[in-house]
Amino acid sequence: MLRIQIITIAVNVLFVLYISRLIVKGKLREEYAIVWVICTIFLLLFSLWTDGLELLRRITGVVVAANLVFTGFIFAILVYLLHLSVVASKLHNDNKKLAQEISLLKEQFNKHLEEQKS
Amino acid sequence: MPGKVLIVIPCYNEEASLPTLLPELLATKLPNGYQLEAAVVNDCSKDNTVAVARKHKATVLDLPVNLGIGGAVQTGIRYARDNGFDLAIQLDGDGQHPPRELHKLINYHDETGANIVIGSRFLEKEGFQSSFVRRLGINYFHWVNRLMTGLAIYDSTSGFRLFDRKAIEMAAASYPDEYPEPESLVVFSKAGLKVAEVPVIMAERQGGQSSIRSFGSLYYCFKVSLAMFFSFIRKT
């Protein structure tokens with residue numbers, strides 16, 4: 001086994017452990033962890049199977065294998081960022097509804113208090 | 001039976017202008033026997049807007065986080081829906097929309113049955129007319145709106161507007177957050193609501209700052225154009 005393989009595998013294992021720890025502690029929701037777990041699976045796969053990248057390079061017709069890795073990962077990151085924007089938009093809407101509901105309830109509550117006083 | 005009108009006043013740091021605006025508003029006699037209630041929507045102001053509004057016996061809808069003008073107006077609209085108001089009129093808290101002009105919107109609504117009535121600065125060139133650059137932007141939105149809805153609304157950025165029962169139901173369900181004025185017109189007219197414009201005389205703001213300043217104005221034009229386009233192609 002090459003030294004670089006050992007390093008990537010070690011980093012992968014640490015990464016998976018860290019993700020698991022976040023999930024266990026309730027700091028990361030499972031649905032957001034899926035993408036990270038898939039990423040580590042890919043990394044692990046190609047650190048074990050060294051010819052795999054060369055094979056993919058030939059299939060896709062990319063000249064330098066590193067470019068294939070960069071293109072693939074940048075695309076995946078862009079898609080994930082878009083997904084996060086969607087999540088943020090949903091949170092924004094939910095937040096708005098909650099804030100409005102709170103202000104309406106506060107007003108009702110104040111009116112009740114005043115009625116009771118008088 | 002006389003109807004009820006809710007005056008929705010979105011406020012962000014308006015403690016300076018409310019003490020003149022609220023007494024004037026609450027003393028305003030509305031036409032056709034309409035009963036008036038004023039609702040100050042405090043969009044998480046950093047000053048004493050809430051205390052000032054309470055002192056003047058206005059209904060206060062106090063938002064715990066800053067939602068922007070659209071979210072604030074929608075809060076008032078939802079209050080109007082939940083409490084059975086017949087009309088809701090948005091009136092900005094900075095004193096630009098004088099309460100003495102309210103009867104023009106209400107009368108126009110009662111005469112024509114329009115669902116949305118916009119108070120316009122430009123139909124008759126009287127009162128505060130805004131700066132040149134702003135008028136340029138407003139002109140641009142006039143044409144975009146015309147293109148998308150076929151409506152000839154001259155003051156589509158005006159926040160002085162009346163919602164009838166049907167428009168209240170619609171806006172309570174969905175209303176844009178940021179810079180909602182031009183965009184909401186596309187939504188309303190696509191839904192088949194009748195939008196009309198009536199000339200009013202506006203004043204210059206008494207206090208506070210416009211939400212649209214310097215660099216923000218380019219962003220404003222771009223964001224609103226985009227939002228209008230997507231509202232235009234969205235299926236209702």
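Domain bounds here come from an automatic or database domain assignment. With that in mind, select chain A: domain 1 covers 1–48 and domain 2 covers 64–118. What you have open is a predicted model, where local features need pLDDT of at least 70, side-chain atom pairs count only at pLDDT 80 or more, and totals for chains, interfaces and linings use all residues. Residues are numbered from 1 along each chain as its sequence is written, while chains are lettered from A and ligands numbered from 1 in the order in which they are written.

**Stop 1: chain A**

Colour the two domains of chain A separately; their centres, taken over C-alpha atoms, are 28 Å apart. Now pick Phe46(A), which sits in helix H2 (residues 30–48) of chain A. Helices (H or I, at least four residues) and strands (E, at least two) are DSSP runs, numbered from the N terminus.

Is Phe46(A) buried or exposed? Neither quite: it counts as partly exposed, because it has 16 C-beta neighbours inside 10 Å. The scale works like this: buried takes 20 or more other C-beta atoms within 10 Å of the residue's own, exposed takes 12 or fewer, and partly exposed lies in between, with C-beta atoms placed from the backbone.

Show what Phe46(A) touches, leaving aside neighbours within four places in sequence, and you get Gly52(A) and Leu53(A). A contact means that the C-beta atoms of two residues, placed from the backbone, lie within 7 Å. Then draw a distance from Phe46(A) to Leu84(A): 27 Å, C-alpha to C-alpha, for a pair 38 residues apart in sequence.

**Stop 2: where A meets B**

Bring chain B into view. Nine residues from chain A and 15 residues from chain B make up the contact. On the chain A side, those residues split into three nonpolar, three polar and three charged. For that split, Ala, Val, Leu, Ile, Met, Phe, Trp, Tyr, Cys and Pro count as nonpolar, Asp, Glu, Lys and Arg as charged, and the others, Gly among them, as polar.

**Stop 3: chain B as a whole**

Hide chain A and switch to cartoon: chain B shows eight helices and seven strands. Along the principal axes, its C-alpha atoms fill a box of roughly 45 × 45 × 35 Å. Of the 236 residues of chain B, 47% count as buried. Among contacts in chain B between residues at least 6 apart in sequence, 77% join residues at least 24 apart.

**Stop 4: the sheet**

Select the strands of chain B. They form an open sheet of seven in the order S3-S2-S1-S4-S6-S5-S7, with mixed pairing. Strands count as paired if DSSP finds at least two bridges between them. At the edges are S3 (59–62) and S7 (195–199) of chain B, each pairing on one side only.

Zoom in on S4 (residues 87–90) of chain B, which is joined to S6 (residues 161–163) of chain B by three bridges and runs antiparallel to it. Here Ile89(B) faces Leu162(B) in S6(B).

**Stop 5: strand S5**

Finish on S5 (residues 116–120) of chain B. Five of its five residues are buried, so the strand is largely enclosed by the rest of the structure. Ile116(B), Ile118(B) and Ser120(B) lie on one side, with Val117(B) and Gly119(B) on the other.

Which strands does S5(B) pair with? S5(B) pairs with S6(B) in the antiparallel sense over three bridges, and with S7(B) in parallel over five. Click Ile118(B) to see both: its bridge partner in S6(B) is Arg161(B), and it stands opposite Glu197(B) in S7(B).
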